[in-house]
Amino acid sequence: MQALTRPRGVLHIRAQGPEDAPALILANSLGTDLRLWDGLMPHLGRYRVIRYDKQGHGLSGLWDGTTLADHTADAAAIAEWVGRPVTLIGCSIGGLIGQRLAATRPDLVRALVLSNSAARMGTPKGWRDRIAAVRAGGTAVIADAVMERWFAPAFRRTPELALWQAMLARTPADGYAAACQALAGADQTDATAALRLPVMVVAGGQDGASPPDQVRATADLIPGARFHLIPEAGHLPCVETPDALAAAILPFLEDHA
Ligand SMILES: O=C(O)CC1=CCC(=O)O1
């Protein structure tokens with residue numbers, strides 16, 4: 001277990017792979033911890049891969065965490081700890097963190113992979129409603145509805161669903177609400193349109209949280225961005241279709257990481 005000390009708390013990180021290999025940071029979605037990427041890891045053996053639990057999730061503490069800037073500062077600290085420019089692969093809010101990191105600290109980022117992410121996600125009212133629900137009853141009360149947003153019907157019939165539901169239900173309400181607050185205030189549209197680095201964008205054809213058209217629209221903002229649709233995937237292709245995700249992104253990583 002590894003801890004990265006931040007000025008006001010500690011992040012749980014996990015670094016794997018050859019120390020001098022091209023470095024990847026994997027940034028999680030809302031309500032998940034670094035196990036999100038377990039299915040993709042066997043495909044990333046030739047890279048130095050750093051995973052982490054976002055503030056308020058998994059084993060990491062919660063101190064700021066209510067703005068996208070707070071979460072981006074954590075990602076920047078991890079990239080500085082790595083000591084060389086990284087490729088950030090971000091899922092959902094993790095992709096928003098990547099967009100902001102590339103916009104504000106281009107010295108730290110070689111390339112970006114945005115999985116099921118967009119320059120702006122959801123609506124402020126939608127996030128406020130979700131915050132109210134988890135503050136009143138904990139993350140367990142939204143777990144059934146969120147599983148429908150995360151996963152395509154075929155995956156929802158597997159026994160594994162219960163494990164992802166448990167991960168969400170065990171996310172502390174304060175940490176989850178803080179990240180929802182960050183999402184409510186996040187709009188990277190202009191900054192993302194100004195990005196000039198290699199970017200690959202992946203969408204899931206059955207994504208109930210960030211529909212493919214919205215993901216595609218974000219790819220269209222960025223000159224030269226590659227776009228790939230995984231028709232059978234929902235919001236978390238790294239969980240549902242890790243082989244298809246790897247097949248899509250490995251050539252990009254080979255070119256740019
Ligand atoms: O839980 C959801 O609705 C999906 C999601 C939105 C932002 C994020 O990171 O996950």
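# Close-up views of a predicted model

**Figure 1. Helices around the largest cavity.** Helices H3, H4 and H7 each supply at least two residues of the lining of the largest cavity. The model shown here and in the other views is predicted. The count of cavities of 30 Å³ or more comes to one, and the volume of the largest cavity is about 170 Å³. Its lining is made up of 15 residues, of which Leu30, Ser92, Trp127, Ala209 and His235 are the closest to the centre. H4 contributes the most to this lining, with three residues.

**Figure 2. Helix H3 and its buried face.** Helix H3 runs over residues 124-137, which makes 14 residues. From its first C-alpha to its last it reaches 20 Å, close to the 20 Å expected at 1.5 Å a residue. Which residues of H3 are buried? They are Trp127, Arg130, Ile131 and Val134. Seen down the helix axis, the buried residues of H3 fall within an arc of 105°, so they line one face of the helix. Arg128 and Ala136 are exposed on the other side of H3. The partners of the buried residues in packing are helix H4 (143-150) and helix H7 (173-184). Trp127, one of these buried residues, is also among the residues closest to the centre of the largest cavity. Glycine 138 comes just after H3 and takes a positive phi of about 85°.

**Figure 3. Two loop residues with positive phi.** Most residues other than glycine have a negative phi. Serine 92 has a positive phi, near 60°, and is not a glycine. Where does serine 92 lie? Its place is the loop between strand E5 (86-91) and helix H2 (93-104). Serine 92 counts as buried because its relative accessibility is 7%, where the cut-off is under 20%. Ser92 also belongs to the residues closest to the centre of the largest cavity. The second residue in this view is asparagine 116, again not a glycine, with a positive phi of about 50°. Asparagine 116 sits in the loop between strand E6 (109-115) and H3. With a relative accessible area of 0%, asparagine 116 is buried.

**Figure 4. The largest pocket and its lining.** The volume of the largest pocket is about 320 Å³. There are 19 residues in its lining, and those closest to the pocket centre are Asp33, Arg35, Leu163, Trp164 and Met167. Which helices each supply at least two residues of the lining? They are helix H6 (161-169) and helix H10 (237-240). The largest share of the lining, four residues, is that of H6.

**Figure 5. Leucine 24 in strand E3.** Leucine 24 is part of strand E3, which covers residues 23-27. Is leucine 24 buried or exposed? Its relative accessibility is 0%, so leucine 24 counts as buried. Neighbours within four places in sequence left aside, leucine 24 is in contact with Leu44, Tyr47, Arg48, Val49, Ile50, Thr87, Ile89, Leu253 and Ala257. Leucine 24 and valine 109 are separated by 85 residues in sequence, while their C-alpha atoms are 9.7 Å apart in space.

**Figure 6. Glutamine 188 and threonine 192.** Glutamine 188 is in the loop between H7 and H8, and threonine 192 is in helix H8, residues 189-193. At 6% relative accessibility, glutamine 188 counts as buried; threonine 192, at 0%, also counts as buried. Beyond four places in sequence, the contacts of glutamine 188 are Leu68, Leu96, Gln99, Arg100, Ala103 and Ala119. On that same basis, threonine 192 is in contact with Gln99, Ala119, Thr218, Leu221 and Ile222. Gln99 and Ala119 therefore appear in both lists of contacts, where contact means heavy atoms within 4.5 Å. Leucine 68, one of the contacts of glutamine 188, is 120 residues from it in sequence and 9.6 Å from it in space, C-alpha to C-alpha.

**Figure 7. The annotated span.** An unreviewed UniProt entry carries the annotation "domain: AB hydrolase-1" for residues 22-240. In the model, the end C-alpha atoms of residues 22-240 lie 26 Å apart. The span is 42% helix and 16% strand.

Terms used
Residues numbered from 1 in each chain as written. Predicted model: local features only at pLDDT ≥ 70, side-chain atom pairs only at ≥ 80, totals over all residues. Heavy atoms only, no water. Buried < 20%, exposed > 50% of the residue type's maximum accessible area, 1.4 Å probe, protein only. UniProt positions renumbered as here; feature names shortened; annotations may be inferred. Expected span 1.5 Å × (residues − 1). Arc of directions from axis to C-beta. 1 Å grid on protein atoms, 1.4 Å probe; cavity = no way out; pocket = protein on both sides within 12 Å on 5 of 7 lines; lining within 4 Å. Points joined across faces, edges and corners; volume = space filled by probe spheres on them.
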